[in-house]
Amino acid sequence: MPTLNEIARTMVSNKRGILAADESIGTMSRRLESVDVEPTEENRRRYRELLLTTPGLSDSVSGAILSDETFRQELSDGTTFPNALGERGVLAGIKVDTGAVPLAGAPGEKVTEGLDGLRARLEEYVELGASFTKWRAVFSIGDGLPSARAVHANAHALARYAGLCQEAGLVPIVEPEVVMDGDHSLDECRQVTTTVLRSVFTELGLMEVRLDGIVLKPNMVVAGDACSRRPDASEVARATVDTLHETVPPGVPGIAFLSGGQTPEEATANLAAMQEITPLPWELTYSFGRALVGPALDTWRGSDDGWEAAQKALSERAVANASVR
Ligand code: 5MM
């Protein structure tokens with residue numbers, strides 16, 4: 001049995017990254033509707049089959065994060081999704097949070113739930129073939145936001161989740177996302193990301209989570225999507241790496257960024273600019289969702305005729321991100 005550290009290092013090394021295909025049923029249904037595909041269980045399954053059977057996927061992708069629905073589904077040939085990934089040399093991951101809900105007393109802010117019964121769910125996911133897990137907390141930047149209580153509640157939940165996963169032999173991806181929505185500057189994003197990451201690592205420490213057995217999945221430090229000044233890739237890279245140096249202990253094996261609404265090209269360029277800053281104590285790679293699968297979904301549009309072209313579109317993005325080192 002590989003150790004937590006060995007699994008974590010496999011997830012972030014050798015130029016490979018992690019495919020985030022764990023959209024909840026609601027999010028995936030909306031994405032299918034956006035390309036005129038009926039949001040049925042079977043269409044969600046077909047789309048995930050398309051992504052995960054892409055030829056050569058394991059050259060650039062070390063692991064794929066799935067949702068509970070997909071984890072229990074099968075390819076057309078009857079192989080379960082976790083087994084199909086294993087056969088292709090890709091680790092199977094499972095999103096185990098149950099979503100973000102409004103946080104009491106904190107208007108406009110959310111706390112991620114899913115701790116109740118998590119120990120038993122993790123045991124089942126291990127049986128089904130999971131090697132790692134994911135939990136995402138979201139933080140908005142705004143007037144007085146994020147509040148101290150939202151930062152603390154979410155960091156505490158992330159640490160409790162991470163502890164339970166390690167107890168079950170699963171590597172937790174710890175995903176605190178400061179979202180891009182808003183007109184905040186790069187510097188404001190940097191300040192909030194610093195506060196959030198400091199709180200997350202304080203809580204991980206209190207919970208005695210082994211830092212060599214996690215993967216951190218943060219946002220890049222970028223300006224809000226409505227900010228008039230658009231920092232270039234070198235500014236984003238410098239601000240992000242400086243923030244990580246201030247907050248992330250060197251014992252963490254790797255950092256796999258979310259894309260957060262950046263275009264595929266922006267996300268790749270920002271990652272490439274970070275790879276030019278050396279030396280770094282951690283591996284830096286990608287765990288993109290939309291920036292990896294967006295072009296494939298747009299190409300497929302539910303048609304069997306578009307299947308191969310869609311797989312090629314995914315492959316191109318994965319290779320582009322894996323080639324930046
Ligand atoms: C793929 O989307 C993930 C699940 O989102 P919901 O549970 O809200 O449907 C999401 O956590 C994703 O893994 C991260 O946000 C990274 O995706 P992006 O598109 O930001 O790279």
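Helices (H or I, at least four residues) and strands (E, at least two) are DSSP runs, numbered from the N terminus. Residues are numbered from 1 along each chain as its sequence is written. What you see is a predicted model: local features need pLDDT of at least 70, side-chain atom pairs count only at pLDDT 80 or more, and totals for chains, interfaces and linings use all residues.

**View 1. Eight strands line up in an open sheet.** Reading across, the order is β1-β2-β3-β6-β7-β8-β9-β10, and the pairing is parallel. Two strands count as paired if DSSP finds at least two bridges between them. At the edges sit β1 (17-20) and β10 (283-286), each of which pairs on one side only. Inside the sheet, β3 (residues 91-95) runs parallel to β6 (residues 132-139), and three bridges join them. One spot to look for is K95, which stands opposite K134 in β6.

**View 2. Helix α9 lies against the sheet.** This helix (residues 186-206) touches β6 and β7 (171-178), and its direction makes about 150° with that of β7. Contact here means that C-beta atoms, placed from the backbone, lie within 7 Å. Axes are lines fitted to C-alpha atoms, for helices over the stretch in contact, and angles run from 0 to 180 degrees between N-to-C directions. T202 belongs to α9. The C-alpha atoms of T202 and A137 are separated by 16 Å, with the two residues 65 apart along the chain.

**View 3. Edge strand β10 is covered on both faces.** E283 and T285 are buried on one side, L284 and Y286 on the other. Buried means 20 or more other C-beta atoms within 10 Å of a residue's own, exposed means 12 or fewer, and partly exposed is in between, with C-beta atoms placed from the backbone. In a regular strand, side chains alternate between the two faces of the sheet. Next door, β9 (residues 254-257) pairs with β10 in the parallel sense over four bridges. Here L284 is the bridge partner of I255.

**View 4. The largest nonpolar core has 95 residues.** Such a core is a set of buried Ala, Val, Leu, Ile, Met, Phe, Trp, Tyr and Cys residues joined through C-beta atoms within 7 Å. M11, A64, L158, A162, V171, I214 and V215 touch the most other members. Helix α8 (residues 148-167) gives the largest share, 10 residues. Zoom in on V215 and you'll find A8, M11, V12, V171, I173, G254 and A256 touching it, not counting residues up to four places away in sequence.

**View 5. Two cis peptide bonds sit before prolines.** One joins L145 and P146, with omega about 0°, and P146 lies in the loop between β6 and α8. The other runs from T278 to P279, with omega near -5°; P279 is in the loop between α11 (264-275) and β10. Most peptide bonds are trans.

**View 6. N14 and R301 have a positive phi without being glycines.** For N14, phi is about 55°, and the residue is in the loop between α1 (4-12) and β1. N14 counts as partly exposed because it has 13 C-beta neighbours inside 10 Å. R301 has a phi of about 50° and is found in the loop between α12 (290-300) and α13 (307-322). With 14 C-beta neighbours inside 10 Å, R301 is partly exposed too.

Notes
Contact = placed C-beta atoms within 7 Å.
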